[in-house]
Number of protein chains: 2
Amino acid sequence: MSKIPVMEIFGPTIQGEGMVMGRKSMFVRTAGCDYKCSWCDSAFTWDGSEKERIRMMAPMDVFQELKELGGDHFDHVTITGGNPALIGDAMKQFIERLHQSNIEVGLETQGSKWQDWFYLVNDLTISPKPPSSGMKPDLELLDDIIRKLKNHKSNFSLKIVVFDDADFEFAKMLNNRYMGDHIPFFLSVGNSNPGEEGDISSRLLHSLDWLWGKVLEDPEMNNVRPLPQLHALVWSNKRGV
Amino acid sequence: MSKIPVMEIFGPTIQGEGMVMGRKSMFVRTAGCDYKCSWCDSAFTWDGSEKERIRMMAPMDVFQELKELGGDHFDHVTITGGNPALIGDAMKQFIERLHQSNIEVGLETQGSKWQDWFYLVNDLTISPKPPSSGMKPDLELLDDIIRKLKNHKSNFSLKIVVFDDADFEFAKMLNNRYMGDHIPFFLSVGNSNPGEEGDISSRLLHSLDWLWGKVLEDPEMNNVRPLPQLHALVWSNKRGV
């Protein structure tokens, strides 16, 4: 019986970023990642610092815990990580169980690994990591993932975190690469200090203002949608909300 | 030759609200409204205070001015008001001219009047006004508009501005009324003082936090997406951006 390595389950809360920004959702965060982004805001999922919290759970048990926690207060579940695309058949079973209860599924992954269950995800975000992360995406693998999702008419988007000019150029390169595919293309302004306490909204809004300026002055970025992390604006760096 | 009463043309800027939040867009604001919402943030379009600025323009002249202002820095135009649905054939011609240049069109209207050119709009927002506005929407007319758009498979959404509990109840009533239609349903937190100068972001984020709380605790509002006006967060109450 295949299982899911679960780091945390929480909600209901508000999805603060990307293609379903504002959507009321429960969150399931899986443990384990094939990347080690320098600015990862969930490094505890892969750096060993909270490994004693990881639970290997059967898909039905994750579903059960969601229902206990969220009751009838949700119809959407967001699966994030770590990288949930590292998980195979157990994830497929979990998504199918949610769909049986008319619960929609959003999922975010960096596009470093394909899973056939991507086709089942209602709102799929592919988030290739920019230079500031220290990672180097495999663009041919990414091409393959995008092609499959397009052919399947999946509801998916690209989302690039942008901290600096080099990240913006990376996003522009990808936007040009997939321009003909008309994929919804989001930029998410980076949170340069996810450990900072207190109200960080002024700093984040200032960063967003900078990103908006970059997008507005660039005719190769007409179609992109630069957005903040709304949850960080409203709730700063609190965990588990 | 039919013309469009134009209040202002500006951009490129960022669409700060609703279904295409974050989209880089040019704005065309038409003059004239069949409503007089108490908290209207564009009352200058209908209260006579800036009537000398209104220009009666041919659709091709509006297009020309957009190109002069935005050059090759846009592929999306947002039409707002006032109520742009008061305009007939001239608006149809204008939208068709934009589509000829592969420019997409977003449009917002309160749902108090139907126009056949609604079918041409790429991102159509129907925004019935809640009790705090002092207006009383005609729900049978709204039903008819929703039915037509659904039958046509238009890409449209509902958006309700929420200032207080009564507005939230109004939004809930509408959400239940159209639940079976699976229409994307946005809430937009009200800006209680659109004339206030200085940084209003803290006040707006506090209001959004309140609205998120209302949505999270209500099992009849699982599907709605409560969002801020991002442009007001980043740029406060500046006009023409």
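A residue counts as buried under 20% relative accessible area, as exposed over 50%, and as partly exposed in between. Keep that scale at hand for the exercises below, and remember that this is a predicted model.

**Exercise 1. Classify B:Glu96 and its partner, and work out how the two are placed in their helix.**

Step 1. Start with accessibility. B:Glu96 has a relative accessible area of 32%, which means it is partly exposed. Its partner B:Lys92, at 33%, is partly exposed as well.

Step 2. Look at the side chains. Those of B:Glu96 and B:Lys92 form a salt bridge, with 3.2 Å from N to O.

Step 3. Place the pair in the chain. Both residues belong to helix H2 of chain B (residues 89-100), and because they are 4 residues apart, about one helical turn separates them.

**Exercise 2. Find which helices of chain A are tied together by the salt bridge of A:Asp143 and A:Arg177, then do the same for A:Asp165 and A:Lys214.**

Step 1. Take the first pair. The side chains of A:Asp143 and A:Arg177 meet at 2.8 Å, N to O. A:Asp143 sits in helix H3 (residues 139-151) and A:Arg177 in helix H4 (residues 165-177), so this bridge ties together parts 34 residues apart in sequence.

Step 2. Check how open the first pair is. A:Asp143 is partly exposed at 27%, and A:Arg177 is partly exposed at 37%.

Step 3. Take the second pair. A:Asp165 and A:Lys214 form a salt bridge at 3.0 Å, N to O. Here A:Asp165 comes from helix H4 and A:Lys214 from helix H5, so the parts joined are 49 residues apart in sequence.

Step 4. Apply the scale again. A:Asp165, at 43%, is partly exposed, whereas A:Lys214, at 16%, is buried.

Step 5. Widen the view. A:Glu8, A:Arg29, A:Glu50 and A:Arg53 are linked in a salt-bridge network, and the whole structure holds 30 salt bridges over all chains.

**Exercise 3. Describe the interface of chain A and chain B: how much area is buried, and which parts of chain A supply the contact residues?**

Step 1. Get the extent. The size of an interface is often given as the accessible area lost when the parts come together. Chain A and chain B bury about 3,100 Å² between them, 65% of it on carbon and sulfur atoms. Among the residues of chain A, the trio A:Trp212, A:Leu216 and A:Asn222 supplies 23% of the area that chain A buries against chain B, more than any other three residues.

Step 2. Count the polar links. There are 0 salt bridges between the two chains, but 18 residue pairs are in polar contact across the interface.

Step 3. Map the side of chain A that touches chain B. Strand S1 (4-14), helix H5 (201-216), strand S9 (225-227) and helix H6 (230-235) each supply at least two residues. H5(A) gives the largest share, 7 residues.

Step 4. Sort that side by character: 21 residues are nonpolar, 7 polar and 8 charged.

**Exercise 4. Work out how the two copies are related.**

Step 1. Superpose them. A turn of 180° with a shift of 0.0 Å along the axis lays chain A on chain B with an RMSD of 0.0 Å.

Step 2. Draw the conclusion. The copies are therefore related as by a two-fold rotation axis.

Step 3. Compare the surfaces in contact. The same surface serves both copies, as 100% of the contact residues of chain A recur in chain B. In numbers, 36 residues of chain A are in contact with 36 of chain B.

Key
Residues are numbered from 1 along each chain as its sequence is written. Chains are lettered from A and ligands numbered from 1 in the order in which they are written. This is a predicted model: local features need pLDDT of at least 70, side-chain atom pairs count only at pLDDT 80 or more; totals for chains, interfaces and linings use all residues. Side-chain values use heavy atoms; hydrogens and water are left out. Contact means heavy atoms within 4.5 Å. Buried area is the accessible area (1.4 Å probe) that two parts lose on being put together, summed over both. A salt bridge is a side-chain nitrogen of Lys or Arg within 4 Å of a carboxyl oxygen of Asp or Glu. A polar contact is a pair of N or O atoms within 3.5 Å; within protein, one must be able to donate a hydrogen and the other to accept it, and residues adjacent in sequence count only if both atoms are side-chain atoms. Ala, Val, Leu, Ile, Met, Phe, Trp, Tyr, Cys and Pro count as nonpolar, Asp, Glu, Lys and Arg as charged, and the others, Gly among them, as polar. Copies are superposed by least squares on the C-alpha atoms of residues with pLDDT of at least 70 in both. Buried means under 20% relative accessible area, exposed over 50%, partly exposed in between (1.4 Å probe, protein chains only).
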